[in-house]
Amino acid sequence: MASIEIRSLRKHFGELHAVDGVDLSIRDGEFLVLLGSSGSGKTTLLRMIAGLERPTSGEIHIGDQRVDGDVPPRARGIAMVFQSYALYPHRTVFQNIAFPLEASHVPRKQIEQKVRWAAELFSISRYLDRYPRQLSGGERQRVALCRALVRDPKVFLLDEPLANLDAKLRNTARDDLKRFQRRIQTTTVYVTHDQVEAMGLGDRIVVMERGKVRQIGTPQEVYEDPVDTFVATFVGQPPMNLLDAGDPSLPPRTLTGFRPEHFLPRSVFGPAEDLRTFRFAVRRVEYLGSDRYVYGSVAASGAPDATIIAKLPATIALAIPEGETHEFAVPRRALRYFDPETGLRRKV
Amino acid sequence: MTLPLRPRRALADREDVLGAAMLGPALAYVILLVGVPFVFAILLGFSNATAGSLSFGWAGFRNYAAILADPIFLRALRNSAVVTVGSQLLVVILATAAAQVFRATFRGKRVARFVLLLPWAVPVSLAAIAWTWIFDSTFSVINWTLKAAGLLHGWLYWLGDPTLALLAIIIVQAWRIFPFATVIVLAGLSSIPQEIVEAAIVDGAGFWRRLFRVELPLLLPVVAVAVLFGVVYTATDLGVVYILTGGGPANTTHVLPTLAFQRGILGADLGQGAAIAVFLLPFLIVVAIGMLRLAHRTEVGGSR
């Protein structure tokens with residue numbers, strides 16, 4: 001078990017700055033999620049921790065060992081699960097899981113024990129004699145996890161391990177993964193572009209964009225207190241509404257942001273609540289079972305065409321006819337303000 | 001406006017007719033230039049035909065009995081096997097090593113790749129003549145180089161000593177086939193997913209373990225194809241041995257094709273020549289089937 005320290009880490013591919021000055025400390029036993037869209041540098045960062053990519057500059061410490069430079073992956077005490085699982089197609093499940101143990105010259109008998117123990121843990125004992133191609137996606141993913149586990153790594157590195165599973169399986173796999181990590185308490189770095197995975201799995205989330213860290217925080221902090229408009233619109237589905245409300249009590253040119261689930265008909269709030277009301281011209285209502293998404297625009301905003309979304313839970317049965325203007329409101333405590341130039345959060 | 005519709009099926013619509021029409025020329029080529037000579041060769045093997053006469057008498061298995069009792073033939077048979085196996089072994093090692101080199105990026109890679117492919121593009125006869133100079137009893141660059149490096153104290157008569165001559169033939173055959181094999185192995189290497197190689201690195205496998213436990217097993221089907229080609233090319237080659245040693249010294253380095261040529265064409269005994277030439281066929285077929293099955297089995301990941 002180990003913590004990870006990353007200091008001003010950079011990776012340049014020619015002109016492209018894939019990772020552009022990242023500082024990060026990952027606590028011992030923490031489940032840290034690197035969240036970003038493709039090209040944000042999250043995978044490159046993970047590969048540098050693994051030792052598959054050499055940093056252009058900066059430092060990486062795993063435990064008390066400095067590993068940027070010439071420390072090969074096998075000497076870093078890491079294990080990695082790849083997006084494609086990267087199982088060896090010519091080896092049985094048993095041989096796949098045994099491979100890292102063979103590579104570190106563990107005695108035969110011990111290998112046998114260890115593989116059976118790990119397979120038991122992931123309930124894949126039945127498949128030990130099969131080849132990867134004979135397994136389903138979920139089973140392959142568990143084999144890959146097993147192969148990573150038997151090395152007793154100090155750090156788990158996971159590169160989008162759920163991306164190749166179908167949606168239904170992904171939920172249970174996510175739950176399994178989280179329980180497994182809680183149980184073995186090994187520091188884990190998990191890369192994903194899926195914010196639902198990030199929110200659900202991470203002790204903390206690192207939001208990355210174009211090689212830089214935009215925000216580090218617990219899922220709650222990242223969701224409720226985004227540091228800038230990028231994080232505000234990247235995390236959350238549908239994204240945070242942003243508009244220039246032209247509010248006289250605010251400094252000129254301030255973006256007001258609020259989550260769609262806070263934007264509700266005026267009548268559902270109690271009279272004591274401190275509200276900011278809007279005239280909401282409803283264009284379209286989308287019925288999604290548990291929620292209704294209401295699309296429309298707000299007359300007060302600087303750009304009246306900008307689409308604003310309200311997310312009404314099914315508990316609000318109020319009829320919202322399309323093509324009409326309604327009185328909607330947001331509690332003032334749910335409002336967030338941003339500078340339109342820099343995108344940074346503005347405290348008011 | 002309506003598009004003009006052709007009411008009847010044109011030739012281009014009739015895939016059955018079109019297929020036969022397009023296959024025809026290729027089929028005619030194979031039958032006339034491969035099939036007929038092949039059948040003719042088998043028939044000749046059972047005849048007492050000679051060059052310069054049109055008589056064609058049935059000889060039964062007499063030709064086969066004669067060659068099987070002939071030490072020169074048995075030696076040629078052994079040589080064929082030794083040369084084929086030896087050269088292909090060398091090819092597999094060289095091609096795998098060369099493919100590893102060419103997988104890396106380095107300056108002058110394109111030039112190096114061009115040079116690599118040259119042996120393949122050079123006509124066999126021309127290359128074999130060049131090699132006779134390299135193995136020349138007086139001017140052999142190999143000998144002079146070894147001498148200059150202080151590694152050789154006597155003198156090697158490459159084409160004058162039966163063992164060395166066979167070794168020389170193996171070297172030239174390997175040299176001829178290995179560029180082709182390298183290209184095939186290189187293609188095979190690039191078909192191994194990068195993530196699998198990286199997984200092996202992270203799993204702690206060093207270069208050799210990665211090579212022998214991950215890359216080579218995955219390459220096996222591709223290498224098998226390369227070797228199959230190599231076996232066929234080498235086992236049926238006449239030019240290299242004919243030019244390099246002419247079967248000498250004292251008929252010790254004959255392989256089946258050169259012996260068949262000597263007996264059948266130069267010695268005018270068409271029947272025996274054909275019998276020698278056909279002799280290797282069953283073995284080649286067995287080798288081919290074996291390797292294709294091996295390739296298939298590895299491809300689908302074991303036969304469970």
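This report describes a predicted model with chains A and B, from the overall layout of chain A to its contact with chain B and some helix packing in chain B.

Local features are given only where pLDDT is at least 70 and side-chain atom pairs only at pLDDT 80 or more, whereas totals for chains, interfaces and linings use all residues. Residues are numbered from 1 along each chain as its sequence is written, and chains are lettered from A in the order in which they are written.

**Chain A**

Chain A has 8 helices and 18 strands, where helices (H or I, at least four residues) and strands (E, at least two) are DSSP runs numbered from the N terminus. Its C-alpha atoms fill a box of roughly 75 × 45 × 35 Å along the principal axes. The chain is divided into domain 1 (4-229) and domain 2 (238-338), with bounds that come from an automatic or database domain assignment, and the C-alpha centres of these two domains of chain A lie 39 Å apart.

Of the 348 residues in chain A, 39% are buried; a residue is buried if 20 or more other C-beta atoms, placed from the backbone, lie within 10 Å of its own, exposed if 12 or fewer, and partly exposed in between. Among the contacts in chain A with a separation of 6 or more, 63% join residues 24 or more positions apart, a contact being two residues whose C-beta atoms, placed from the backbone, lie within 7 Å.

**Backbone exceptions in chain A**

Most residues other than glycine have a negative phi, and most peptide bonds are trans. The peptide bond from Q237(A) to P238(A) is cis, with omega near -5°, and P238(A) sits in the loop between helix 8 (229-234) and strand 11 (241-243) of chain A. Two residues with positive phi that are not glycine are set out below.

| Residue | Phi | Loop of chain A | Other C-beta atoms within 10 Å |
|---|---|---|---|
| S123(A) | near 40° | between helix 3 (108-121) and helix 4 (137-149) | 11, exposed |
| Q185(A) | about 55° | between helix 5 (167-184) and strand 8 (187-192) | 12, exposed |

**Contact between the chains**

In the contact between the chains, 19 residues of chain A meet 17 residues of chain B. On the side of chain A, the elements that give two or more residues are strand 6 (78-81) and helix 2 (93-103). The residues on this side divide into 14 nonpolar, 3 polar and 2 charged, where Ala, Val, Leu, Ile, Met, Phe, Trp, Tyr, Cys and Pro count as nonpolar, Asp, Glu, Lys and Arg as charged, and the others, Gly among them, as polar.

Strand 6 of chain A also helps to cover the buried residues of helix 8 of chain B, together with helix 1 (42-50) of chain A and helix 9 (207-235) of chain B, among the elements included in that cover. The buried residues of helix 8 (residues 194-202) of chain B are I196(B), A199(B), A200(B), I201(B) and V202(B). This helix is followed by G204(B), whose phi is positive, near 95°.

**Helix packing in chain B**

The axes of helix 11 (residues 256-266) and helix 12 (residues 270-279) of chain B come within 7 Å and cross at roughly 165°, the axes being lines fitted to C-alpha atoms over the stretch in contact, with angles from 0 to 180 degrees between N-to-C directions. The two helices of chain B are therefore roughly antiparallel, a term for angles over 145 degrees. Residues of their contact include L256(B), L259(B) and R263(B) of helix 11 and L270(B), I276(B) and F279(B) of helix 12. The residues of this contact divide into 10 nonpolar, 3 polar and 1 charged.

Note on methods: Parallel < 35°, antiparallel > 145°, perpendicular 65-115°, else oblique.
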